[in-house]
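Please read the following note beside the sequence and the three-dimensional view. Its points begin with one helix and then turn to the whole chain, to the pockets and to two single residues.

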Amino acid sequence: SAVTSAVAVGLFWILARRSGLRAVGAALATVLFATASIVWSSAVETEVYGLATAAFLALILLALRARSARAGAREEAIFFFAAGLATVAHQTLLFPALCVSFAVLARDRGASRGGAVRRAVTGFAWAALGASITLVIPVRWSAGPPFAWTDVRGLGGLSDYLLRRTY
């Protein structure tokens, strides 16, 4: 948790600089972020919240990169793969990933309506590929109790897990 929280602090610094803050302002914002009680408590306890915070900040940085003027299909693919993968860090990242995905898709690339649909379908495919690792949950459950770390049963249980009904 301490390592992933430290990574989150580093990602926060990068985000602050990319958002246009000068070095002093970015340093102050990063210190305030790093010393916030929620970040500090996540860093000193063995939990997934430090990883979730780092994953969220990485997702935002990848979204900014995918929305930049120089971005192309590669940057969008990396973002959408990471958006799909975000739920592995924590289920609560599903909804921010969806919102940020819409922001990435909303960027006008000067394409026709067919091109916009193609971008959305391609983005969904990359997100599905990233999210496919969560399929290990129902697969492990079907293997029996020695391999099941949760009571998630089948694909219905997977949706309950992602929507935090089992939390």
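1. Buried side of α6. The model under review is predicted. In helix α6, the residues Ala 97, Val 100, Ser 101 and Val 104 are buried. These four residues lie on the same side of α6, because the arc that they cover around the axis is only 110 degrees. The cover over the buried residues of α6 includes α4 (49-67), α5 and α7.

2. Opposite face of α6. Which exposed residues does the face of α6 turned away from its buried side carry? They are Cys 99, Phe 102 and Ala 106. A student may therefore read α6 as a helix with a buried side and, turned away from it, a face that carries exposed residues, since the cut-offs are under 20% relative accessible area for buried and over 50% for exposed.

3. Length of α6. Helix α6 has 13 residues, and at 1.5 Å a residue these should span 18 Å. The expected span is 1.5 Å times one less than the number of residues, so the last residue adds no further step. The end C-alpha atoms of α6 are 18 Å apart, which agrees with the expected value.

4. The chain as a whole. How many helices and strands does the protein chain have? There are nine helices and zero strands, and the pattern read along the sequence is accordingly α-α-α-α-α-α-α-α-α. Of the 167 residues in the protein chain, 34% are buried. Among contacts with a separation of 6 or more, 61% are between residues 24 or more positions apart.

5. The largest pocket. This pocket holds about 410 Å³ of space. Its lining consists of 19 residues, and those that lie nearest its centre are Gly 84, Leu 98, Phe 124, Ala 127 and Ala 128. Two or more lining residues come from each of α5 (73-89), α6 (94-106) and α7 (113-131). By class, the lining of the largest pocket has 13 nonpolar residues, six polar residues and no charged residues.

6. The second largest pocket. Here the space is about 170 Å³. Twelve residues line the second largest pocket, with Ala 73, Glu 76, Arg 118, Arg 119 and Thr 122 nearest its centre. The elements that give two or more residues to this lining are α5 and α7. The largest share, six residues, comes from α7. Which classes of residue make up the lining of the second largest pocket? It has four nonpolar, four polar and four charged residues.

7. Ala 77. This residue is found in helix α5. Is Ala 77 buried or exposed? Its relative accessibility is 12%, so Ala 77 counts as buried, the cut-off being under 20%. Ala 77 and Ala 125 are 48 residues apart in sequence, while their C-alpha atoms are 9.0 Å apart in space.

8. Leu 21. The loop between α1 (2-18) and α2 (23-34) is the place of Leu 21. The relative accessible area of Leu 21 is 37%, and the residue is therefore partly exposed, as this value falls in between the cut-offs of 20% and 50%. When residues up to four places away in sequence are not counted, Leu 21 touches Ala 16, Ala 26 and Ala 29.

Methods: Residues are numbered from 1 along each chain as its sequence is written. This is a predicted model: local features need pLDDT of at least 70, side-chain atom pairs count only at pLDDT 80 or more; totals for chains, interfaces and linings use all residues. Side-chain values use heavy atoms; hydrogens and water are left out. On a 1 Å grid over the protein atoms alone, a cavity is a set of points where a 1.4 Å probe fits but cannot get out, and a pocket is an open set with protein on both sides within 12 Å along at least five of seven lines; lining residues have an atom within 4 Å of a point. Grid points are joined across faces, edges and corners, and a volume is the space filled by probe spheres set on the points. Ala, Val, Leu, Ile, Met, Phe, Trp, Tyr, Cys and Pro count as nonpolar, Asp, Glu, Lys and Arg as charged, and the others, Gly among them, as polar. Buried means under 20% relative accessible area, exposed over 50%, partly exposed in between (1.4 Å probe, protein chains only). The arc is that of the directions from the helix axis to the C-beta atoms. Contact means heavy atoms within 4.5 Å.
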